Structures are given as structure tokens and as C-alpha cells.
Amino acid sequence: MTKLYLFLIPGLLLLNPNTLCSQQEDVVIQIDTLSRDVYMLTGQGGNIGIYDGESYVFMIDDQFDRISDKIKAAIRTISDKPIAFLFNTHMHGDHSGGNASFNTERTVLVSQVNARKRIDAQAQADLSKEKINAAFYKKMLPEVTFSDDITFYDGDETIMGVHVHNAHTDGDALIYFPFNNVIHMGDTYFAGNYPFIDLESGGSVDGYIAAIQQALMLINDDTIIIPGHGRPSDKAAMQVYLAMLQDLRSRVMEAINSGKSLEEVKSMESLTADYGQQYGGGFIGPERIRETFYTSLTTPVAP
Ligand SMILES: [Zn+2]
């Protein structure tokens, strides 16, 4: 009887604890070993980076609260050292949704200052809607922030957090491990798919392109790249991705300069025709990427 009722009102399926439970059970955390000390964890949401260092574990992003226990169990198969730092690459919930459950006395949460502001605003909205309680709200918030860059030292490794301006959002950071030769791009790289550029959270096409260029200056041919979404990648593949973004930028710019409107650019399939097959099958389709480029390139970015 209950099930029939739920079928009649599909919106309620989301509230059914059994449904939530089965969604949770379906998630499998996959571990990729990328270097001596760095691993990539894939589950649901943005890719997690784990550095198992000399004296501590350094964690990058944490997906969703509902799968935190699974992620903790996966990390415990890599290391039994404490997670000293949890670094949020940016504010989105599929990268920072697990903050509260990883925020213990032994773990310090770190993010760029704008990412903290946006995580705070989002958590306050959830608090006012009673989706979370006050204790959970407090534990969501990064405890250390930085403006431009931040460095962590451990054993052979020097972990560099580098802010890139107005890229995927206005609070993105790249995290580079020079000794292990691995970089986590956050969502400034969607390997194999068109990027989601969150214009409403301070992202921009030009900042996104500049973020990838900045990363390419840091890394070398042997660097392993953790994208925000997608499989591990490398410099050559990210250079091809950058060229695609630059090409789309000049095509859309040309359309703008010839007086095309947003609606016209949205329907100009020719602008993306030769890239759709390779990059258009994900969350962002060809029309959406044309819209994002048009909107960003015709909107000045706040300094
Ligand atoms: Zn994101």
C-alpha cells in the first residue's frame, strides 16, 4: 500500500528511507593508485584525492554526507594515519557535502576564502529550511582559508594549493604534489566532457581557460592529473581539452561580434558540431555549452 502511494506521488520517492538506502548501497568507492603516495577515489560526485604521507593523510574533497562512511572505509584500506587536512577545491555540494562528517578534532578543513563564503551561504540556506541542524551547519565550514595560495609540508612532499580566479567558480583551487607529480584540478577540468562553468557562482570562460593554462605551466609530461570529474588524465589530453575550449571561445566570439543573439547562438549547432561527439555526452550538452560561452563572453566579470 505504501509503495503504491509512493508510485502515485513520485516526488515522495526522494523521502522514502528505503530508496535513499538503496541509492547508498549502490555506490561503490573505486580506488586508483596514481603515485607512491597519491590515490584517486571515485564514488558519487567529484573525484577525491588522497595523499598518504609520512605523518598524515591529506584529503581533497569529500563528495556527499550520505556516503561518508563508505569513503572513510576506503581511506582506511590505504592508511591508518589521521586525516590531518581536508581541502575543498570549491564550494559545490558534490565536493564538500561530506565536510561535517569528516570534521573532527583531528581534521582541519581548508578552502579558498570565497569557497568558504559560498559553503557558508549554502549551509545557512539549508539550516533555515531545516534540512540540517545548527551543529551540522558549523561543522560544514572550512576552518582555515587563504586568498592566493597555501603550502603544506610533509616528508618528501610539498603540497601546493593555488587559487585560480573566476574559473569554475570564484573560489577554485588546484592542488599540486610536485614530488609525487600529481595535480588535482577540482572542477577546472572535466576530463572527456564539456565543462560546467558556474557563472552564477563567479565562474567565467576566460578564467576557466586561464586556470588550465596555469596548471599546464606547473606540470610536466609525466604528471598525473586528477580531474574534478572523469578518469585520471595527463598533460597531453589536457592540452587537447584547452585547445577545444579556446576554439569554442573564438567561434562564439565571432558569432557575438557578427551580432548574433543568445537564442541564435544556442541554436547554431555548427559551432560545436565537431566536438559534440567527444565532449557533449555528459552533464553539459552542446546547446548548454554554447549558452554558457555566449553568456560569459557577453558579461563582464566582477573584479
Ligand atoms: Zn563543481
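## Briefing on a predicted zinc-bound model

In strand 2, Thr 42 is the residue that Gln 30 stands opposite. This pairing belongs to a predicted model, in which strand 1 (residues 30-33) and strand 2 (residues 38-42) run antiparallel to each other and are joined over four bridges. The two strands form a hairpin, with four residues lying between them. The points below turn to the zinc site, the aromatic residues and the surroundings of Pro 286.

**Zinc site**

- The zinc ion has as its protein donors His 90 through NE2, His 92 through ND1, His 168 through NE2 and Asp 187 through OD, and these lie 2.2 Å from the ion.
- Along the sequence, the spacing of these donor residues follows the pattern H-x1-H-x75-H-x18-D.
- The arrangement around the zinc ion is irregular, because the four donor atoms subtend angles of 83 to 169°, whereas a tetrahedral site would need all angles to lie between 85 and 135 degrees.
- Among the donors, both His 90 and His 92 are buried.

**Aromatic residues**

- The whole structure contains 14 aromatic pairs, and one of them is the edge-to-face pair of Phe 196 and Phe 283, whose centres are 5.6 Å apart and whose planes meet at 70°.
- This pair links distant parts of the chain, 87 residues apart, since Phe 196 lies in the loop between strand 11 (182-184) and helix 8 (205-218), while Phe 283 lies in the loop between helix 11 (273-279) and helix 12 (286-297).
- The two partners differ in their accessibility: Phe 196 counts as buried because its relative accessibility is 18%, under the 20% limit, whereas Phe 283, with a relative accessible area of 60%, is exposed.
- One aromatic cluster is formed by Tyr 51, Tyr 56, Phe 58, Phe 85, Phe 87, Phe 146, Phe 152 and Phe 177.

**Arginines over rings**

- Phe 283 also has Arg 288 lying over its face, at 5.8 Å from the ring centre.
- Elsewhere, Arg 66 lies over the face of Phe 64, at 4.4 Å from the ring centre.

**Surroundings of Pro 286**

- Pro 286 is placed in helix 12 and is partly exposed, its relative accessible area being 30%.
- When residues up to four places away in sequence are left out of the count, Pro 286 touches Tyr 194, Thr 272 and Gly 280.
- Between the C-alpha atoms of Pro 286 and Ser 68, which stand 218 residues apart along the chain, the separation is 34 Å.

Note on methods. Residues numbered from 1 in each chain as written. Predicted model: local features only at pLDDT ≥ 70, side-chain atom pairs only at ≥ 80, totals over all residues. Heavy atoms only, no water. Donors = N, O, S within 2.8 Å, 3.2 Å for Na, K, Ca; no water. Tetrahedral: all angles 85-135°; square planar, octahedral: opposite > 155°, others 65-115°. Buried < 20%, exposed > 50% of the residue type's maximum accessible area, 1.4 Å probe, protein only. Phe/Tyr/Trp six-rings, centres within 6.5 Å; stacked < 30°, edge-to-face > 60°. Lys NZ or Arg CZ within 6 Å of the ring centre and 35° of its normal. Pairing = 2+ DSSP bridges. Contact = heavy atoms within 4.5 Å.
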